[in-house]
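Thank you all for coming. Please have the sequence and the structure open in front of you while I talk, and we will go through them together.

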Number of protein chains: 2
Amino acid sequence: MEKGYIQVYTGDGKGKTTAALGLSLRAVCAGKKVYFAQFVKGMKYSELNAVKFLDGFSMKQYGGSCFIYNNPTKEDIDLARGGLDECAEILSSGKYDLVVLDEINIALYYKLFTVDDVIKMLNNKADGVEVVLTGRYAPPEIIERADLVTEMKEIKHYYTKGVKARVGIEK
Amino acid sequence: MEKGYIQVYTGDGKGKTTAALGLSLRAVCAGKKVYFAQFVKGMKYSELNAVKFLDGFSMKQYGGSCFIYNNPTKEDIDLARGGLDECAEILSSGKYDLVVLDEINIALYYKLFTVDDVIKMLNNKADGVEVVLTGRYAPPEIIERADLVTEMKEIKHYYTKGVKARVGIEK
């Protein structure tokens with residue numbers, strides 16, 4: 001079996017979740033099985049429809065109905081921890097070729113679980129599984145553990161011009 | 001009709017074409033029509049299979065069978081210029097909601113056409129069309145003209161460890 005690596009997409013720029021979606025599409029195109037876990041997010045994004053189009057693509061959200069801006073609620077914490085347990089199981093099973101842990105860095109930023117929990121999960125993954133961790137503020141321990149890290153850096157953003165997130169583009 | 005913006009993904013990091021693929025997937029999930037033009041590239045990447053999965057997604061390559069490392073051949077130039085004409089037509093027609101001009105910055109870097117040609121094409125696009133330009137070395141005129149620019153910055157890459165591009169992950 002081909003060895004799977006650990007990839008991180010972090011930084012303040014646009015394109016982290018989007019790149020993870022693109023990687024999922026490419027993997028499906030090559031006949032691979034993909035599990036796409038969204039931490040923190042529970043909103044009904046367009047990409048949830050991807051399961052209708054893509055064979056071998058599964059997606060699940062482990063977040064509340066709105067993004068966390070202040071202190072996470074008990075529901076936020078419970079959802080995230082349940083997600084972590086489920087993803088740990090999926091990663092060690094080797095049932096999927098690619099596992100995306102979308103916004104897991106944000107879950108860490110809000111201390112919904114610890115970086116040690118995530119490192120342990122990564123250490124226990126089946127050898128052939130490729131893993132992608134996304135979200136701003138990737139902690140140094142995750143960057144150290146990863147094989148590939150890309151920072152998406154915002155050079156210019158239309159949000160500053162007042163453009164709101166649009167269906168099918170940002171969400 | 002909603003206004004379409006001009007996005008650029010540039011930089012030396014991984015995830016530029018991948019993010020453009022992810023944006024295409026999200027757009028298709030929202031019922032939008034997507035045209036994905038690949039400049040410079042003519043190799044049989046996994047993502048060419050995306051047309052089998054995604055409704056309203058079209059893809060065409062305007063490159064030779066191998067990537068340009070030295071001087072472009074006459075074939076490289078002809079393919080790229082033909083692509084530019086076709087994409088200019090597509091952009092002004094408004095037939096697609098999202099048009100990706102993948103690796104167009106590389107085509108500019110190799111002077112397969114001029115930055116003025118590209119700016120003219122962008123100025124003539126139908127108002128509602130969202131455009132994404134990808135590739136390293138985005139020239140200043142393109143960054144100036146764009147509404148959103150993300151630099152994918154390489155923090156750590158497994159290529160330096162000798163990992164080769166893998167089917168379904170990088171290609």
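Chain B can be laid on chain A by a turn of 180 degrees with a shift of 0.0 Å along the axis, and the RMSD of that superposition is 0.0 Å. This is the relation of a two-fold axis. The two copies also use the same surface, since 100% of the contact residues of chain B recur in chain A. Please keep in mind throughout that what we are looking at is a predicted model.

Let me stay with the place where the chains meet. There, 45 residues of chain B are in contact with 45 residues of chain A. On the side of chain B that touches chain A, helix 1, helix 2 (50-53) and strand 6 of chain B each supply at least two residues. Which of these gives the most to that side? The answer is helix 1 of chain B, with 11 residues.

Now to the sheet, which I would like you to trace from one end to the other. It is an open sheet formed by 12 strands, with mixed pairing, and its order is 3(A)-2(A)-4(A)-5(A)-1(A)-6(A)-6(B)-1(B)-5(B)-4(B)-2(B)-3(B). At the edges stand strand 3 (57-62) of chain A and strand 3 (57-62) of chain B, and because each has a single partner strand, one side of each is left without a neighbour in the sheet. From one strand to the next, the twist averages 15 degrees.

If you look for the join between the chains within this sheet, you will find strand 6 of chain A and strand 6 (residues 148-156) of chain B, which run antiparallel and are linked by 7 bridges. One pair to pick out here is A:Thr150, which stands opposite B:Glu154. On the chain A side, strand 6 is also joined to strand 1 of chain A by 4 bridges, and those two strands run parallel. In that pairing, A:Gln7 stands opposite A:Leu148.

Moving into chain B, we come to strand 5, which has partners that we can take in turn. Strand 1 (residues 6-10) of chain B pairs with strand 5 of chain B in the parallel sense over 4 bridges, and the bridge partner of B:Gln7 in strand 5 is B:Val132. Strand 4 (residues 98-102) of chain B also runs parallel to strand 5 (residues 130-134) of chain B, and 4 bridges join them. Across that second pairing, B:Val99 stands opposite B:Val131, while B:Leu101 has B:Leu133 as its bridge partner.

Is strand 5 of chain B enclosed or open to the outside? Since 5 of its 5 residues are buried, strand 5 of chain B is largely enclosed by the rest of the structure. Its side chains alternate in the following way: B:Glu130, B:Val132 and B:Thr134 point one way, B:Val131 and B:Leu133 point the other way, and all are buried.

What lies across the strands? In chain A, helix 1 (residues 16-29) lies across strands 1 to 6 of that chain, and runs at about 165 degrees to strand 4 of chain A. Its counterpart by number in chain B, helix 1 (residues 16-29), has 14 residues and reaches 20 Å from its first C-alpha to its last, close to the 20 Å expected at 1.5 Å a residue. Helix 1 of chain B is mostly covered, with 14 of its 14 residues buried, and it is followed by B:Gly31, whose phi is positive, near 85 degrees.

Positive phi values also turn up in residues other than glycine. B:Val40 has a phi near 70 degrees, and is found in the loop between strand 2 (34-39) and helix 2 of chain B. B:Glu103 has a positive phi of about 65 degrees, and lies in the loop between strand 4 and helix 4 (104-109) of chain B. B:Val40 is buried, with 26 other C-beta atoms within 10 Å, and B:Glu103 is buried too, with 26 other C-beta atoms within 10 Å.

Finally, the core. In soluble globular proteins, nonpolar side chains tend to be buried together. Here the largest nonpolar core has 100 residues, and those with the most contacts inside it include B:Phe39, B:Val99 and B:Leu101. Leaving aside neighbours within four places in sequence, B:Phe39 is in contact with residues including B:Tyr62, B:Ala80, B:Leu101, B:Glu103 and B:Ile106.

Technical notes:
Residues numbered from 1 in each chain as written. Chains lettered and ligands numbered in written order. Predicted model: local features only at pLDDT ≥ 70, side-chain atom pairs only at ≥ 80, totals over all residues. Core = buried A, V, L, I, M, F, W, Y, C linked by C-beta atoms within 7 Å. Buried ≥ 20, exposed ≤ 12 C-beta atoms within 10 Å, placed from the backbone. Contact = placed C-beta atoms within 7 Å. Pairing = 2+ DSSP bridges. Axes fitted to C-alpha atoms, helices over the stretch in contact; angles between N-to-C directions. Expected span 1.5 Å × (residues − 1). Least-squares fit on C-alpha atoms with pLDDT ≥ 70 in both.
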